Amino acid sequence: MEDNFAIESGNRSIILKKDDIAISIEQSLDDDIWFNSNGNVSLTINYSLRIEEEWRCYTIFANLMKSIIGRFILNGDDKDEYSILPQDFIDLENKTITWHSDTGADNILQLQYSQKAITIIMTKDNDRTYDGVIKVRIRTNGSSYEYYYQEFMRFFSELSRYATKVNGMDRKLNK
């Protein structure tokens, strides 16, 4: 199967598409970041020089992961036995970040790093169905992940600028 990676931008939203999988990332008016998918999905972004949009997105996601994990280690949150952070937030051994939705809807976002690839995994944590749509909220106020939302805000800003640039170039080329 050939990789068909695309990034699209809209009003405060970004859509990542690869093959038949799409994940949208949106920023609401209260600045919360939302990851959305139709059902359980796994989208892998490769560091492949043949598709520029894909490797640039890989770099932006890698920067997000490095900033969260770096902050986690440098602040001592990995050693703090009284931390209120969820126990499965950072798995250093498997190079995975797990974010349970701040909406309490049992939806999970995982970012997993492996051999020049980052996989975005969105799953429902239980058997309850919610019209097939999975939404993971990165809350900017009152999250159990404390101030780690700040990394997602920087990430969204960077990814949004890049998506807008790509979509602007596409429009110029298609005139």
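This is a short talk on the overall fold, two buried residues of the second helix, and the largest pocket of one chain.

Thank you all for coming; before anything else, please keep in mind that what you see above is a predicted model, and that side-chain atom pairs in it count only at pLDDT 80 or more.

Let me start with the chain as a whole. The chain has two helices and 10 strands, and if we read from the N terminus the order is β-β-β-β-β-α-β-β-β-β-β-α, so that each run of five strands is followed by a helix. As for dimensions, the C-alpha atoms fill a box of roughly 55 × 35 × 35 Å along the principal axes. The radius of gyration is 16 Å, which agrees with the value near 16 Å that a compact globule of 175 residues would have.

Turning to burial and surface, 43% of the 175 residues count as buried, while the chain exposes about 9,900 Å², of which carbon and sulfur atoms supply 47%. On the contact side, if we take contacts between residues at least 6 apart in sequence, 57% of them join residues at least 24 apart.

Now to helix α2, which spans residues 149-173, and to two of its residues. F156 has its place in this helix, and F156 counts as buried because its relative accessibility is 4%, where the cut-off for buried is under 20%. Which residues does F156 contact, leaving aside its neighbours within four places in sequence? They are R12, S13, I14, I25, E26, Q27 and I33. It may also help to look at S28, which is 128 residues from F156 along the chain, although the C-alpha atoms of the two are separated by 11 Å.

E151 lies in helix α2 as well, and this charged residue also counts as buried, because its relative accessibility is 7%. Not counting residues up to four places away in sequence, E151 touches L64, S67, I68 and R71.

Finally, the pocket. Rolling a probe the size of a water molecule over the atoms shows where empty space is left. In this model the largest pocket holds about 180 Å³ of space, and its lining consists of F72, D77, D78, D80, E81, S83, L85, P86, Q87, F89 and I90. What does that lining look like by class? Five of the residues are nonpolar, two are polar and four are charged, the charged ones being D77, D78, D80 and E81.

That is where I will stop, and I am glad to take questions.

How values were computed. Residues numbered from 1 in each chain as written. Predicted model: local features only at pLDDT ≥ 70, side-chain atom pairs only at ≥ 80, totals over all residues. Heavy atoms only, no water. 1 Å grid on protein atoms, 1.4 Å probe; cavity = no way out; pocket = protein on both sides within 12 Å on 5 of 7 lines; lining within 4 Å. Points joined across faces, edges and corners; volume = space filled by probe spheres on them. Helix = DSSP H or I, 4+ residues; strand = E, 2+ residues; numbered from the N terminus. Buried < 20%, exposed > 50% of the residue type's maximum accessible area, 1.4 Å probe, protein only. Contact = heavy atoms within 4.5 Å. Rg over C-alpha atoms; globule rule 2.2 N^0.38 Å. Areas by Shrake-Rupley, 256 points an atom, 1.4 Å probe, with all protein chains shown as cover.
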